[in-house]
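Trainee: I should like to learn how helix packing and enclosed space are read from a model. May we work through an example?

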Amino acid sequence: MAADLSQLVKAYDVRGVVPDQWDVPLAELFGAAFVQVTGASAIVIGHDMRPSSPGLSRAFARGAAAQGVDVTEIGLCSTDQLYYASGALNLPGAMFTASHNPAQYNGIKMCRAGAAPVGQDTGLAEIRELAERWSDSGAPEPAGTTGTITQRDTLEDYAVHLRSLVDLTSIRPLKVVVDAGNGMGGHTVPTVFDGLPLTLVPMYFELDGTFPNHEANPLDPANIVDLQKRVREESADLGIAFDGDADRCFVVDEHGAPVSPSAITALVASRELAKNGGKGTIIHNLITSWSVPEVVKENGGTPARTRVGHSFIKAEMAKTGAIFGGEHSAHYYFKDFWNADTGMLAALHVLAALGGQDGPLSGLVAQYDRYTGSGEINSTVADQAGRLAAIKAAYEGQEGVELDELDGLTITAADWWFNVRPSNTEPLLRLNAEARDEATMAKVRDEALAIIRG
């Protein structure tokens, strides 16, 4: 009987504990399966700073090369640097990372040539099936000629490409604190920021996949406390935190106050629209603030609402030709970056916007942060479908209230909205609420939670 990899192969990537859930032999099978499913003759591979990453990455390369495929290894890199290599070299790619997960985890984010996503419906299910079959029956027959494995450094090219998309040469000098969380931002930031009018105050730039200082997940308020304190101590203009694989960025203002990722989405959207002559589609997922579609329309653009998740955003960007997309999880997607997500490019936009005017960041983002949000609140529930049905029953038919089921259940009224979505992997319901004022938001949030947890 074939192995069951359902706990390892998720909706968008491979992710699990090493060596309990996967190891070097399985990574080799994934490499062979990846090239069979993509039909590639050559691929590019990168990895993060986790202790298990080099070994797993090289095993994947061996599995691919055994099938006759030439492999380019770019070594230590951020996930968006791997996307850059996939786009610039026009090759399918694999990035070994578990993002912000603890040290014992590792994973693979895969893409086709041009950084096109490989998810459950675009090849990941087939890769899983092959790996399951081969783990039982043995590795596939090798090709007559083994492919080559060569190394290439893409860091400088990646930095040059990003700087070509945002002009920072004429901004006023800024002091910026960057918390890399011992993740890949410590590798990419010095090269990307080199030569720009920035005074960089680095925090936790030492690459260490055991995360000795804090988890590399800046969406958790506990993980940005050090950054907030340092920004105030340094009298810096802003602070930026990256997650473990540096594909997401989180921003705090000159006071150390967190800036909502929805406000960053709106700010970057306005800049991308200005660059595009005030025209273009901007993608936002359904838990971003009302501010985002409002700002998009005010700047001449067309907002398009999607489900949560990068595969949905990327698919919608490709379908609509969108110029930019943002998620409230601090993922930012750019047409100029092969529709892929890059926290570094979003950070450069924030620096350019701030340095292009004289006011503080708090004043700049105030125009993009218009409502009060709850943040994401998770509740453990035994019966996800039953609780969603109870919420629907409670609000359906109320005057002035609209329901939609694009992703979970969204309830919208004139002064508030909330969305409840089931987790794909855990017995959780996720609540996000927003309103025109704090009191209304708290009332709506508490009413929804009472039903979810009732």
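Trainee: At what angle do helix α8 and helix α11 pack, and how far apart are their axes?

Mentor: Please bear in mind that this model is predicted. Helix α8, residues 261–275, packs against helix α11, residues 343–355, at an angle of about 75 degrees, and their axes are 10 Å apart. Angles of 65 to 115 degrees count as roughly perpendicular, so α8 is roughly perpendicular to α11.

Trainee: Which residues of α8 and α11 meet?

Mentor: From α8 come I264, L267, V268, R271 and E272; their counterparts in α11 are A346, H349, V350, A352 and A353. Sorted by class, this contact of α8 with α11 comprises 7 nonpolar, 1 polar and 2 charged residues.

Trainee: How is empty space located, and how many cavities of 30 Å³ or more does the structure hold?

Mentor: In general, a probe the size of a water molecule is rolled over the atoms, which shows where empty space is left. In this structure, 1 cavity of 30 Å³ or more is found. The volume of the largest cavity is about 40 Å³.

Trainee: Which residues line the largest cavity?

Mentor: The lining consists of Y12, D13, Y83, K109, M110, P117, V118, H310 and K314. Two elements, β5 (105–112) and α10 (310–320), give two or more residues to this lining. By class, the lining residues are 5 nonpolar, 1 polar and 3 charged.

Trainee: Which residues does UniProt list for the C-terminal domain?

Mentor: An unreviewed UniProt entry lists residues 376–448 as "domain: Alpha-D-phosphohexomutase C-terminal". In the model, that span is 32% helix and 36% strand, and its end C-alpha atoms lie 13 Å apart.

How values were computed
Residues numbered from 1 in each chain as written. Predicted model: local features only at pLDDT ≥ 70, side-chain atom pairs only at ≥ 80, totals over all residues. Heavy atoms only, no water. 1 Å grid on protein atoms, 1.4 Å probe; cavity = no way out; pocket = protein on both sides within 12 Å on 5 of 7 lines; lining within 4 Å. Points joined across faces, edges and corners; volume = space filled by probe spheres on them. Helix = DSSP H or I, 4+ residues; strand = E, 2+ residues; numbered from the N terminus. Nonpolar A, V, L, I, M, F, W, Y, C, P; charged D, E, K, R; others polar. UniProt positions renumbered as here; feature names shortened; annotations may be inferred. Axes fitted to C-alpha atoms, helices over the stretch in contact; angles between N-to-C directions. Parallel < 35°, antiparallel > 145°, perpendicular 65-115°, else oblique. Contact = heavy atoms within 4.5 Å.
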